[in-house]
Each structure stands twice: as C-alpha cells, then as structure tokens.
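I sat down with my notebook today to look at how two chains meet. Here is what I looked up, in the order I went through it.

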Amino acid sequence: MVIDTPIDRSSDRPAYKQVADRLRDLIDSGRVQPGDRLPSESDLMTETGVSRATARRGLRMLINEGRAESRPGEGVYVSDGEPKRLVVRDPAMTLTAFREEPSSSGPNAPAANEQGFDYRCDVVALDDVPAGSAVGSRLKVEEGAIVFARRRLVRLRPTGSDRPFRPAKLADSYIPVDIARGRVRAEHTGTGGLYARIEEQGHTLTHFDEELVFRMPRPYESSRLRLGPGVPVIQQTRVAYAGERPVECFRAVLAGDLHEFEYRINAE
Amino acid sequence: MTAARAPRPEPMVDPASDRPVYKQIADWLRDMIESGELRPGDKLPSETELMRRFGNTRTTIRRASSTLAAEGRVRAERGVGVFVKEVVRDDALVRQPYDRLARHHYRDEGRSAMYIDALSQGLGSDAVRQDRVQLDEVPAPERVAARLEIEPGTTVFRRRRRIRMGELPTQLTNAYLPLDLAVGQLREERTGDGGTHARIEELGYPLTHFVENLRVRMPDPYETHALRLEAGVPVVDLIQMAYSDKKPVECFTAVIAGDRYVFKYRVDAS
C-alpha cells in the first residue's frame, strides 16, 4: 500500500485531482524519487478504488505539470529532478564581445562550455522570406516585405556525456534586404559574426531591445525541440539598433527546462 | 490591395493517417486561428457543429479543444463555448526592470516598481493591490540563504503577498530581508511611498545594482488557484536580488502569471 490517504468521495475536489494530489505527496515526501516509477493505473485502481479513467486523468495531470513522464509500454516515472540549465546572462557583454575578442565561434559556445555544456549551432536555412507582422513591425517594414532570414538550431548536452545532443533553441535572425549582403548571407559569417558584418557596412550598433514572453510551445516547436508535455518555452525577441534604425530582429524559442535568463541592472 | 483568400477546403480527417483524429481536428482549428480567420475573442464552432462536420464523436471533439487549451490558444467557458484567446493577454503589463527599478521613481516620486508596471497599462497607483499579506520571521530557504550570503536556516524577515492589478491576480511574491534590515516600516504591511527600496536606502544602504533570474515552468495547483490561471498558461519563477555594493540587502522572489506580463530589457551596445 503506497497511497495511505483514501479518496474523499464527498469532497468537492474531483477524484482525479485527489489522485494527482496523492501522487504529488508521494514525490514531495520523497517516498518515490526522481527516476522511480509511479503507481500504475491498475495500482491506483486497486489502492484507491477509482476507475481506470480517473486514475489515468490523475497521472496525466502530473505529466502535464512536468513532474512525471510517460514511457510508453513501461509506465509513468517521476521526472529526473531539475535538469541542469544553461544561464543566459550579461547580454551587454555577450552581444558586443565581438568588438574586443572577435572569434569565429561567437560568444555563446564558450559561455556554454564554462557552464558545463557542449554546444552546437547549425544553420538550418538561409532564405529571403516575407516578414510576418511581428518581424515587420520591429524592423519597420511592411508585413509581407522581403527580409533575409538566418535560421539556426542550437543543441546542448552536458560536457563529457555520451548522450546525444538535445535541441535547445530555435534561433532566427531577420535582416533587412539592403543589409543582407556579402557574408551576412553566408552560412559562416566569419570572425566576429553577424554583428561584425553589419557594423562593417557602417551601421554601428547602439542598443538592443529585448523582450521575453513565457508560453506553451506550438506543436512544431515541441517537435523540433523534442519537448515533453508540460514543458513551456521562452520566446525571446531582440532588436538590434544602429541609432534609430533597426538592423536585425532576432527571434528565438528556447526550451524552458534547459534555460534560465539572468540580467544585471545598475541602479540610477 | 489584399488578395482574396482562397476558400478553405471542406474539413477532412484522414482516419488512415498515423496522426490521431483529434489531433487532425486540432490542427484544422489551429490553422483557422493562425490564419486569422478566428481572432482572439471569437468562438470556435460548437461541439455539435464540429461533430457534424467531421462525423466524429463528442469525446474526440473535446480532446481536440482540450489540446488547444493545453497550448494556451483557447479558453472553455462552461455552457457558453470555447473561445480563442491571446497567448499573452492584450492588457498584459510591461515589466521593464531598467525603468521600474530606477532610483528617481522610488526616491523622488514615491513610486514603487509595481506602480511603474501598472503605468505601462495606463493604470493608476490605486490599481496595484495586495492581499493575502503575511509578515513573519522564517528560517531562510536554501536558495534565499545562498543569495543573501547567510547560512541556510538563519532567521530572515519575510513579506508574503499576492499582487493584483485591479481584480486580476498577477504575482505571488516573497520578499526576504536580513533581520538587521527588518526594522520600522519595513516590518509593516504598508512600507510607505517608494516601497521597500526607499526604506532600505533610508537605513544607509544606497542600492547599487540588481540581479534578476528568470525561469519558466508549469504552475502547481496552489499557484493555479491563487493566480486564477487558465489551462496552458505557465508561470515565471523570478528571483530579484538588490545589492548595496557587495551587500545583498533584499531577496525578492515571485511567481508571475505568464500571460499577464511581457518582460522588456534595454541593452546598451556602446
């Protein structure tokens, strides 16, 4: 007998929520540990007297909360605690690092390595595309106007792990066509990266406006980032300005269970 | 001139496909939302209508709409129907740390950071409400102790609140102060003009910088209830540290409804 508090039939709280409460208690009290199997539907039916549908809904709640994961054919397991997260920090330093230390790998790989991650970034597509409304308004071009898109996929894995890399971030840069020339359009943008190439055209970067939205993923985002149920995403939109002129709109969708953002704000 | 939209083909599901039928129906509804045919506030076709169109059972139709609800795209209103919603509410507040934490707001204008958030929606200071206020001394939780640079379990002063903007709950917050700073108005329910930051500075600790960390996750049942969250809305786990030079003077933690705030940061490139 694992579940010792019976389901209260006279309660206003639906039975499946009570099943979920009991399962949460098992995890919170440490009686089942990360990686352990939770009671099966049949176990729950026997122990609490609920129907299979109710047991299933109870288990489903924990899966949707990200606290448990279903392994088809095996059962439902307690999620492996908090996965290690990559901290995305110091945008001011990171974004302008190319001026002091231009490198061909960009600043992201060393930052990830320092935090114990192997880092891979692959160009997925280089295309002229019509700007959607979000990108258009930020680049101050008409919706549907052609902009150049660099789409990349960032993958991570803990350093020294023999597990495969996990997709972690869908990173797209949108660039006005008049700036999308030469190596801006190339797969490898060269030493100093995209921002160095933009500055070489006389657009000296002055500031970035960054915006974060926290939401559930779209189906194509879940599948490309291989997100489990109950894993939200962080949508990052950053516009690079040269004075008044927006010269790039960066849109990224980051796996919520693999990232944390950190900002330092000076007083005044 | 805008091109006339091609008429949408009659909805079809392919029962032979590997993709479950309810997902195919969800795809069809999602397409209507993404193409703009259905806009936020619009009602989805009724269950009966969808059953007729797709020749499917009510259970399948319900699974399709709960799939969209779990993605945060629609909201079910009991007995009325299922409605398209914004992933982030139209009246979401804008949280801009580079502005909201500026000294002139709390010291010269007597405005707290929460009030600055309210201004982003044209709301006045009276829109910022707090309830479920709890003021107590507690052993510092591990992550708080680490940030305040004290031993875990050391007693700290805690201000626990629910923040609302008008009627809508937006954040569940905990502000932790080291005991030597928990004096005077800092121990009271109302901290006065300019809030906690103004009072801390009056004690001789001018604030020099803040560090904030943000994570996202799904809410637990308590948070869902206290923040009145709809299905498919994650929460932001925020920790905001205030420093006076090297000394950490306040550890503020918040669980923020993901659909009620947009976070904006300005980064200088010079």
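The entries below go from each chain to the interface, and then to strand pairing and salt bridges.

**Ground rules.** I am working with a predicted model, in which local features need pLDDT of at least 70 and side-chain atom pairs count only at pLDDT 80 or more, while totals for chains, interfaces and linings use all residues. Residues are numbered from 1 along each chain as its sequence is written, chains are lettered from A and ligands numbered from 1 in the order in which they are written, and side-chain values use heavy atoms, with hydrogens and water left out.

**Chain A.** I counted 8 helices and 10 strands in chain A; helices (H or I, at least four residues) and strands (E, at least two) are DSSP runs, numbered from the N terminus. The radius of gyration of chain A is 23 Å, well over the 18 Å from the globule rule for 268 residues, so chain A is more spread out than a compact globule. For the record, that radius is taken over C-alpha atoms, and the rule is 2.2 Å times the number of residues to the power 0.38. The C-alpha trace of chain A spans about 70 × 45 × 40 Å along its principal axes.

**Chain B.** Here I found 9 helices and 10 strands. Chain B has a radius of gyration of 24 Å, where a compact globule of 270 residues would be near 18 Å. Its C-alpha trace spans about 70 × 45 × 35 Å along the principal axes.

**The interface.** I asked how many residues of each chain are in contact. There are 40 from chain A and 39 from chain B, with contact meaning heavy atoms within 4.5 Å. The buried area (accessible area, 1.4 Å probe, that two parts lose on being put together, summed over both) is about 3,600 Å², and carbon and sulfur atoms give 58% of that.

I then noted 14 residue pairs in polar contact between the chains, both residues at pLDDT 80 or more. A polar contact is a pair of N or O atoms within 3.5 Å; within protein, one must be able to donate a hydrogen and the other to accept it, and residues adjacent in sequence count only if both atoms are side-chain atoms. On the chain A side, H4 (91–100), E7 (207–215), E8 (233–242) and E10 (259–266) each supply at least two residues. E7(A) gives the largest share, 9 residues.

**Strand pairing.** Which strand of chain B pairs with E7(A)? I found E10(B), residues 261–268, antiparallel over 6 bridges; strands pair if DSSP finds at least two bridges between them. Asp209(A) has Arg266(B) as its bridge partner, and Glu210(A) stands opposite Tyr265(B). E10(B) also runs parallel to E3(B), residues 93–95, through 3 bridges, where Leu93(B) partners Tyr261(B).

Elsewhere in chain B, E1(B) and E2(B) form a hairpin with 3 residues between them, and Gly79(B) in the turn has a positive phi of about 75 degrees. Their pairing is antiparallel over 4 bridges, with Arg75(B) partnered by Phe83(B).

**Salt bridges.** I used a side-chain nitrogen of Lys or Arg within 4 Å of a carboxyl oxygen of Asp or Glu. That gives 49 over all chains. Within chain A, Arg238(A) and Glu210(A) form one at 3.7 Å between the closest N and O atoms; Arg238(A) lies in E8 and Glu210(A) in E7, 28 residues apart. Across the interface I found 3, including Arg218(A) with Glu34(B) at 3.9 Å, N to O.
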